[in-house]
Amino acid sequence: MAYQTFQQEYLQIPVVTRTYTTACVLTTAAVQLELITPFQLYFNPDLILKQYQVWRLVTNFLFFGPVGFNFLFNMIFLYRYCRMLEEGSFRGRTADFVFMFLFGGLLMTIFGMFVSLVFLGQAFTIMLVYVWSRRNPNVRMNFFGLLNFQAPFLPWVLMGFSLLLGNSIIVDLLGIAVGHVYFFLEDVFPNQPGGSRWLRTPSFLKMLFDTPEEDPNYNPLPEDRPGGFPWGEGQRLGG
């Protein structure tokens with residue numbers, strides 16, 4: 001009975017969020033069980049180009065380090081904000097969401113070559129948080145019950161938290177930069193005088209992912225409640 005309930009809840013998670021978070025958890029589990037090692041996963045341009053280990057272009061986004069506070073923190077934020085994007089501004093636009101993943105991953109990989117980062121999953125999470133925060137500017141956030149601020153400041157608060165934990169802020173800055181490029185090209189520039197849409201989802205992605213019918217049993221996660229955890233609660237102004 002518990003398994004059926006879990007399976008039902010699991011299948012209600014939108015497909016992109018479900019696929020990515022599951023891949024991250026399984027990758028970490030495989031490393032924890034010593035089935036694979038991080039040395040087989042990290043981003044290495046030389047190994048990709050010279051030895052054709054192309055899987056590294058993907059696996060470096062799937063490993064967040066050993067199981068611990070940092071891993072759980074990243075997984076919660078990844079799942080939460082990825083799902084809210086997919087159920088919010090990307091609702092019914094799965095192909096566009098996949099294209100955002102591909103665009104963000106490609107840009108992050110290019111930038112990552114110049115800052116010598118070997119794992120980009122945390123930066124990718126910050127990118128998702130940044131895009132969500134800019135599309136929900138009126139949401140009030142609460143971080144650990146200590147700080148109250150509006151959603152657009154959330155990526156910067158997370159960067160400050162990383163700094164307090166002794167982590168490099170290069171990862172957060174990379175995620176913010178890529179998130180801003182996507183947000184500008186998708187949401188800002190097309191609405192400017194003389195602006196145009198540069199990012200267009202390829203038709204083959206729309207054929208693969210977009211279907212005209214919605215699942216009647218679909219149970220969305222409210223986008224206006226980004227918290228659910230004491231370090232990310234929020235509510236809309238005037239709500």
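Before I start, one definition: the patches I will speak of are made of residues with over 30% relative accessible area and no salt bridge, with nonpolar side chains joined within 5 Å. Please keep in mind throughout that this is a predicted model.

With that in hand, let me begin at the surface, where Leu 106, Ile 110, Phe 111, Met 113, Phe 114, Val 115, Phe 153, Trp 156, Ile 170 and Leu 173 make a nonpolar patch of about 970 Å². The elements that give two or more residues to this patch are α6 and α9, and α6 gives the most, with six residues. One of the patch residues, Phe 111, lies in helix α6, and because its relative accessibility is 33%, Phe 111 counts as partly exposed.

Turning to the interior, the largest nonpolar core has 54 residues, and those that touch the most other members are Tyr 20, Met 100, Met 108 and Leu 128. At least two residues of this core come from each of α2 (15–32), α5 (69–87), α6 (94–115), α7 (121–135), β1 (139–143), α8 (154–164) and α9 (170–188). If we take Met 108 and leave aside its neighbours within four places in sequence, its contacts are Phe 61, Leu 120, Ala 123, Phe 124, Met 127, Leu 174, Gly 175 and Val 178.

Helix α8 deserves a moment of its own. Its buried residues are Leu 154, Pro 155, Val 157, Leu 158, Met 159, Phe 161 and Ser 162, and these pack against α5, α7, β1, β2 (147–150) and α9. Just after α8, Gly 166 takes a positive phi of about 85 degrees.

In α5 I would point to Ile 76, which counts as partly exposed because its relative accessibility is 22%. Ile 76 and Thr 125 are 49 residues apart in sequence, while their C-alpha atoms are 10.0 Å apart in space.

Finally, the cysteines: how many disulfides does a search of the whole structure find? The search finds zero. For Cys 24, the closest cysteine sulfur is that of Cys 82, and because the separation is 9.2 Å, the two are too far apart for a bond; the cut-off for a disulfide is 2.5 Å between sulfur atoms. Seen from Cys 82, the closest cysteine sulfur is in Cys 24, at that 9.2 Å. Cys 24 is buried, with a relative accessible area of 0%, and Cys 82 is likewise buried, at 0%.

Notes:
Residues are numbered from 1 along each chain as its sequence is written. This is a predicted model: local features need pLDDT of at least 70, side-chain atom pairs count only at pLDDT 80 or more; totals for chains, interfaces and linings use all residues. Side-chain values use heavy atoms; hydrogens and water are left out. A nonpolar core is a set of buried Ala, Val, Leu, Ile, Met, Phe, Trp, Tyr and Cys residues joined through side-chain atoms within 4.5 Å. Buried means under 20% relative accessible area, exposed over 50%, partly exposed in between (1.4 Å probe, protein chains only). Helices (H or I, at least four residues) and strands (E, at least two) are DSSP runs, numbered from the N terminus. Contact means heavy atoms within 4.5 Å. Patches are made of residues with over 30% relative accessible area and no salt bridge: like charges are joined within 9 Å, nonpolar side chains (Val, Leu, Ile, Met, Phe, Trp, Tyr) within 5 Å. Accessible areas come from the Shrake-Rupley method with a 1.4 Å probe; for residues, only the protein chains shown count as cover. A salt bridge is a side-chain nitrogen of Lys or Arg within 4 Å of a carboxyl oxygen of Asp or Glu.
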